[in-house]
Every structure is written in C-alpha cells, then in structure tokens.
Amino acid sequence: NVVVIGDTPNDIDCGRVAGARTLAVATGPFSVGDLRTHAPDAVLPDLTDTDAVMAALFPEL
C-alpha cells in the first residue's frame, strides 16, 4: 500500500494518478481549504497530532 503525503495540489494529483491514498498537509503555501478543494483522501493542518496522522494513514484500523 502506498500513501502520498504532500503539501501541494500536485502531490494530491500525483497520488491519485498512481492509485495511492493521499494525505495533504497544509505546511506549505496552501491552506487546509485550498487542499480540500483537490479532494485528497485526508487533509491535516500539520503532522503534530499523531492520532490524526495515524487515522488518516490507516483508516481501516
């Protein structure tokens, strides 16, 4: 299983094309709202909340 983690719409598109889950993180120039419009599987403001990160990476657990 592959998850693409990135902070740009291009990262989301890359993951989608590769058939991977996508986790967008608003640590770059794009806000949570900006990233949400590109429909990633999950979006977080940053990676500081370990429980939220794990839930985004492994929703089946």
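## Exercises on a predicted model

Leu23 has contacts with Val3, Val4, Ile5, Gly6, Ala42, Val43, Leu44, Leu47, Ala56 and Leu57, leaving aside residues up to four places away in sequence. The model is predicted. The exercises below start from Leu23 and work outward.

### Exercise 1. The cores

Task: Which residues make up the largest nonpolar core, and which elements give two or more residues to this core?

Solution.
- Start with membership. The largest nonpolar core has seven residues: Leu23, Val25, Ala42, Leu44, Val53, Ala56 and Leu57.
- Now assign the elements. Two or more residues each come from β2 (21–25), β3 (42–44) and α3 (50–57).
- Rank the contributions. With three residues, α3 gives the most to this core.
- Then look beyond it. A second core of five residues is separate, and Ile12, Ala24, Ala26 and Val43 are among its members.
- Return to Leu23. Its contacts include Ala42, Leu44, Ala56 and Leu57, and these four are also listed in the largest core. Leu23 also touches Val43, a member of the second core.

### Exercise 2. Leu47

Task: Is Leu47 buried, partly exposed or exposed? Where is Leu47 placed, and which residues does Leu47 touch?

Solution.
- Place the residue. Leu47 sits in the loop between β3 and α3.
- Apply the cut-offs. Buried means under 20% relative accessible area and exposed means over 50%. Leu47 has 47%, so Leu47 is partly exposed.
- List the contacts. Not counting residues up to four places away in sequence, Leu47 touches Leu23, Val25 and Val53. Those three belong to the largest nonpolar core.
- Check one distance. Leu47 and Thr27 lie 20 residues apart in sequence, and their C-alpha atoms are 8.7 Å apart.

### Exercise 3. The salt bridge

Task: How many salt bridges does the structure hold, and which residues form a salt bridge with the closest N and O atoms 3.3 Å apart?

Solution.
- Count. The structure holds one salt bridge.
- Name the partners. Arg16 pairs with Asp13, with the closest N and O atoms 3.3 Å apart.
- Test the distance. The cut-off is 4 Å, and the 3.3 Å of this pair satisfies it.
- Locate the pair. Both residues lie in helix α1 (residues 9–18), three residues apart, which is about one turn of the helix.
- Judge exposure. Arg16 has a relative accessible area of 42%, so Arg16 is partly exposed. Asp13 is partly exposed too, at 33%.

### Exercise 4. The surface patch

Task: Which residues make the nonpolar surface patch of about 340 Å²?

Solution.
- Name the members. Met54, Phe58 and Leu61 make this patch.
- Place one of them. Met54 lies in helix α3.
- Classify Met54. Its relative accessibility is 42%, so Met54 counts as partly exposed.
- Set this against the whole surface. The accessible surface of the chain is about 3800 Å², and carbon and sulfur atoms hold 57% of it.

### Exercise 5. The whole chain

Task: What pattern does the chain follow along the sequence, and why is the chain called as compact as a globular protein of that length?

Solution.
- Count the elements. There are three helices and three strands.
- Read them in order. The pattern is β-α-β-α-β-α.
- Compare radii. The radius of gyration is 11 Å, close to the 10 Å that the globule rule gives for 61 residues, so the chain is as compact as a globular protein of that length.
- Add the extents. The C-alpha trace spans about 30 × 25 × 15 Å along its principal axes.
- Add burial. Of the 61 residues, 33% are buried.
- Finish with contacts. Among those with a separation of 6 or more, 21% join residues 24 or more positions apart.

Conventions: Residues numbered from 1 in each chain as written. Predicted model: local features only at pLDDT ≥ 70, side-chain atom pairs only at ≥ 80, totals over all residues. Heavy atoms only, no water. Core = buried A, V, L, I, M, F, W, Y, C linked by side-chain atoms within 4.5 Å. Buried < 20%, exposed > 50% of the residue type's maximum accessible area, 1.4 Å probe, protein only. Helix = DSSP H or I, 4+ residues; strand = E, 2+ residues; numbered from the N terminus. Contact = heavy atoms within 4.5 Å. Patch = residues over 30% accessible without salt bridge, like charges linked within 9 Å, V, L, I, M, F, W, Y side chains within 5 Å. Areas by Shrake-Rupley, 256 points an atom, 1.4 Å probe, with all protein chains shown as cover. Salt bridge = Lys/Arg side-chain N within 4 Å of Asp/Glu carboxyl O. Rg over C-alpha atoms; globule rule 2.2 N^0.38 Å.
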